Amino acid sequence: MLKIGEPLKADRFSVRIYGVLRRGDEVLLTRSRFRQLEFVNFPGGGVELGEAPIESLRREFHEETGLAIHPVRVLYANESAHPSSAQPIQIVSIYWLVESLGGEPKKGSDGEVVDLFWSDYREVSTAEMFPADAEFVAKLPSLL
């Protein structure tokens, strides 16, 4: 995370949108691999140019979990400036509470998801998360 007054070395930004699917006290997480880096986050990804964010959420969630979803409400949008770890861009992440339209989650077609797993929403580990996701997880219990 950047410190106050420290300039962000980015010349563009990427909007990311993620779905938070609950099962009782648990939320669905992904373990993904991108450019030799493994990380944990919520199902979702980048909003493509010309794509409505809500459609991106539906597309990305289905690609990663095989599930069709119904977006319920926005839970959170990043409050801090987060640089990408791989490119000189700023990451802007938006997190939605979603409901499944049926079925069980299974690794989808995107090829980046290594595993899907459930975690108690009050105990989600941020050890393998990017700073933008860790910021959200710190506030998650008060948002659900």
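**Two buried glutamates and two nonpolar cores**

Tutor: In this predicted model, a polar atom of the E64 side chain lies 3.0 Å from the backbone nitrogen of G44. The model counts side-chain atom pairs only at pLDDT 80 or more and needs at least 70 for local features, while totals for chains, interfaces and linings use all residues. Residues are numbered from 1 along each chain as its sequence is written, and side-chain values use heavy atoms, without hydrogens and water.

Student: Why is E64 described as having no salt bridge?

Tutor: A salt bridge needs a side-chain nitrogen of Lys or Arg within 4 Å of a carboxyl oxygen of Asp or Glu. The nearest side chain of opposite charge, R16, is 6.7 Å from E64, so the pair does not qualify. E64, in helix α1 (residues 53-65), is nevertheless buried, meaning under 20% relative accessible area with a 1.4 Å probe, protein chains only.

Student: What makes E135 and Y76 a polar contact?

Tutor: Their side chains are joined at 2.6 Å, and the limit for such a pair of N or O atoms, one able to donate a hydrogen and the other to accept it, is 3.5 Å. E135 is also buried without a salt bridge, with K139 5.9 Å away.

Student: What makes a set of residues a nonpolar core?

Tutor: Its members are buried Ala, Val, Leu, Ile, Met, Phe, Trp, Tyr or Cys residues joined through side-chain atoms within 4.5 Å. The largest here has 17 residues, and F42, Y95, M129 and F136 have the most contacts inside it. Helix α2 gives the most to this core, with four residues. A second, separate core of 11 residues includes I17, L67, V98 and L116.

Notes
Helices (H or I, at least four residues) and strands (E, at least two) are DSSP runs, numbered from the N terminus. Buried means under 20% relative accessible area, exposed over 50%, partly exposed in between (1.4 Å probe, protein chains only). Lys and Arg count as positive and Asp and Glu as negative; His and the chain ends are not counted.
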